[in-house]
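Work through these short exercises on charged side chains. Try each task before reading its solution.

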Amino acid sequence: MHKSLRIAVFGLGTRIAGVLGNLIPHAPRAQIVGWVDPQPAGRDYLTKRGIAIGEGFATPAQCLAATKPDIVFVGSPNHLHLEHITAALEAGVRVFSEKPVVIDLEQTWALARLLRKHGPERLLVGLVLRCSPLFRTVQQLINDGAIGRIVSMEANEHLHAAHGGFLMRDWRRHRQYSGSYLLEKCCHDFDVFQALIGAPGVRAASFGDRAIFTPENAVLQADPAAYASFRKWHSGWEGTTDPFTSESDCVDHQVALVQYSNGAKLSFHSNTHAGAHQRRWLICGVTGSIESDLATGKVRLLPAHGPARDITIDDGGNVSHYGADEQMAKDLAATLVNGAPFPVPVVASLRAGLTCMAIDAALQSGSVVDARPWFARLEQELGTSVTGEAAGRG
């Protein structure tokens with residue numbers, strides 16, 4: 001991979017710095033030529049690894065004009081993604097954006113129109129779980145017919161105290177910046193759910209609130225070790241010191257029921273202060289089930305009639321996003337340098353976002369939300385006629 005690659009960064013946060021830190025060793029002639037961020041939290045991460053970050057600029061327009069990049073990496077807070085993606089695409093520059101790519105319906109329609117104008121191949125989205133060895137193993141089992149047609153699925157994502165404490169101290173605690181807890185934290189879960197089920201999630205019900213990180217529970221941090229654990233991860237822009245008095249308007253636990261357009265059903269549960277870290281899936285088909293957990297790297301195939309089979313997952317010893325960060329770096333390098341297809345279809349990211357928005361709308365309204373008109377609007381804005389099962393594949 002010897003092609004040169006000029007990279008500009010809009011929003012030099014810690015997550016995008018990690019993505020670039022993994023990418024650049026796989027694309028040796030890649031270089032960061034400029035960045036825009038008033039508080040570049042990821043700068044030290046890159047410079048400590050010997051990766052030069054180029055010149056800082058006050059605005060995306062100035063950066064684009066001065067650096068002439070081949071691609072812009074967008075790692076800004078979620079509410080700025082659309083603005084930064086638009087600036088790059090309109091300047092004729094390709095984009096890689098962190099998830100979630102947009103945070104509400106109006107931004108979804110606007111981005112769909114941009115994709116219609118510039119082409120979906122111009123935008124790559126970092127839904128990193130698509131690149132995890134476990135996901136690819138489970139998807140292959142399903143594609144091979146190991147459990148037949150999928151009927152139902154239960155899934156969770158439970159966080160340890162350090163992760164929950166970070167979310168409740170960081171800018172992500174405010175819906176105006178993040179979109180919601182579910183959209184920020186779990187949108188790539190819902191992306192892989194729709195990929196495994198083979199259809200978009202179009203109807204939703206949900207319950208959740210803020211019952212853990214509240215002032216009356218501040219006693220949970222009385223022990224010095226617990227106090228340190230809640231602050232283990234550095235909070236950056238708009239950060240605060242105490243997760244229990246941070247005035248978050250995001251939930252700290254949530255459950256959801258989702259019906260997919262092909263008839264499959266999903267139950268989902270997430271908690272930001274769980275004793276056990278889990279990201280577990282139980283997928284039930286007509287002829288058997290698959291049980292897996294990204295946190296443990298275990299997959300078990302359970303035929304309805306016959307012995308169970310345990311499948312070993314090789315994550316390369318990389319625990320960062322269950323081996324997915326390293327694999328996504330390889331996939332990105334193959335795409336940007338050699339022109340290989342990227343494993344995350346950008347339109348799938350919009351569909352997963354709509355499912356999360358439907359779940360949150362159900363939470364806010366206390367009713368079942370039918371998002372099928374939203375999916376029809378998305379296809380209209382994209383100028384496509386892709387619906388039903390095909391909408392979730394990829």
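The exercises below deal with salt bridges in a predicted model.

**Exercise 1.** Find how many salt bridges the structure holds, and which residues are linked in a network.

Solution. The structure holds 19 salt bridges. Lys99, Asp170, Arg172 and Glu184 are linked in a network of such bridges.

**Exercise 2.** Explain what the salt bridge between Arg136 and Asp331 ties together.

Solution. Step one: check the distance. The closest N and O atoms of Arg136 and Asp331 are 2.7 Å apart. The cut-off is 4 Å, so this pair counts. Step two: locate both residues. Arg136 lies in helix H6 (residues 133–143) and Asp331 in helix H11 (residues 324–338), so the pair ties together parts that are 195 residues apart in sequence. Step three: look at accessibility. Arg136 is partly exposed, at 28% relative accessible area. Asp331 is buried, at 14%.

**Exercise 3.** Decide whether Lys185 and its partner Glu157 are buried or exposed, and place both in the fold.

Solution. Step one: confirm the bridge. Lys185 and Glu157 have their closest N and O atoms 2.6 Å apart. Step two: place them. Lys185 lies in helix H9 (residues 181–197) and Glu157 in strand S7 (residues 150–158), so the bridge ties together parts 28 residues apart in sequence. Step three: judge burial. Both Lys185 and Glu157 are buried.

**Exercise 4.** Locate the salt bridge between Arg231 and Asp242.

Solution. Step one: the N to O distance is 3.8 Å. Step two: Arg231 and Asp242 each sit in the loop between helix H10 (224–230) and strand S9 (253–260), eleven residues apart. Step three: Asp242 has a relative accessible area of 18%. Buried means under 20%, so Asp242 is buried.

Terms used
Residues are numbered from 1 along each chain as its sequence is written. This is a predicted model: local features need pLDDT of at least 70, side-chain atom pairs count only at pLDDT 80 or more; totals for chains, interfaces and linings use all residues. Side-chain values use heavy atoms; hydrogens and water are left out. A salt bridge is a side-chain nitrogen of Lys or Arg within 4 Å of a carboxyl oxygen of Asp or Glu. Helices (H or I, at least four residues) and strands (E, at least two) are DSSP runs, numbered from the N terminus. Buried means under 20% relative accessible area, exposed over 50%, partly exposed in between (1.4 Å probe, protein chains only).
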